[in-house]
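Dear colleague,

Please find the sequence and structure below, handed over for your records. My findings come after them.

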Amino acid sequence: MLAYNYNQKGEYLGSEEVQPNPLEPGKWLFPASATPAEPPAFDPVRQSCCFDGEKWVVENFPEQEPEPVLSEEEKRERQCAEIRLKRDMLLLGTDKVMLEDYPVTVEEREQYLRYRQYLRDITKAKEFPELEVKTFEEWKGA
């Protein structure tokens with residue numbers, strides 16, 4: 001006999017074989033979140049199938065809005081924002097090196113200072129935002 005499993009929301013998860021109850025012949029051992037009721041056929045790409053405690057209910061997923069068509073200016077703004085975010089994360093990652101008690105040499109700290117200035121100046125570069133933001137290792141090796 002099969003048990004049809006569902007999660008806390010009642011969403012269908014799959015099926016499994018159940019074992020007979022050795023204490024009650026003719027009865028089966030069902031997991032807590034399972035039912036012997038077979039779910040109807042449904043398209044898991046377009047539909048959900050949920051057990052409501054009594055029966056399976058199939059519902060269509062809501063239609064997704066198509067991605068908006070961006071103007072060239074909006075594309076550029078998005079690209080600029082992505083570059084700034086990456087730059088900000090790299091700056092944040094080097095904040096600790098600027099602390100006086102961080103274990104680096106004076107020369108290494110100077111390198112990090114120059115790298116951080118490189119990051120701050122990215123938005124002023126004539127190639128911005130058509131450039132790749134370099135990590136410290138990439139910048140140091142350039």
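The notes below cover the nonpolar cores, the aromatic rings and one loop residue.

This is a predicted model, in which local features need pLDDT of at least 70 and side-chain atom pairs count only at pLDDT 80 or more, while totals for chains, interfaces and linings use all residues. Residues are numbered from 1 along each chain as its sequence is written, and side-chain values use heavy atoms, with hydrogens and water left out.

The largest nonpolar core (buried Ala, Val, Leu, Ile, Met, Phe, Trp, Tyr and Cys residues joined through side-chain atoms within 4.5 Å) has 12 residues, including Cys80, Leu91, Tyr115 and Phe136. Buried here means under 20% relative accessible area with a 1.4 Å probe, protein chains only. Helices α1 (72-94) and α2 (106-121) each supply at least two of the core residues, and α1 gives the largest share, four. Helices are DSSP runs of H or I with at least four residues, and strands are runs of E with at least two, numbered from the N terminus. A second, separate core of five residues includes Tyr4, Cys49, Phe51 and Trp56.

The whole structure holds 11 aromatic pairs (ring centres of Phe, Tyr and Trp, the last by its six-membered ring, within 6.5 Å; planes under 30 degrees apart are stacked, over 60 edge-to-face, the rest tilted). Tyr115 and Trp139 form a tilted pair, 5.5 Å centre to centre with 55° between the planes. Tyr115 counts as buried because its relative accessibility is 1%.

Asn21 lies in the loop between β3 (19-20) and β4 (28-29). Asn21 is buried, at 14% relative accessibility.

Yours faithfully

Notes
Buried < 20%, exposed > 50% of the residue type's maximum accessible area, 1.4 Å probe, protein only.
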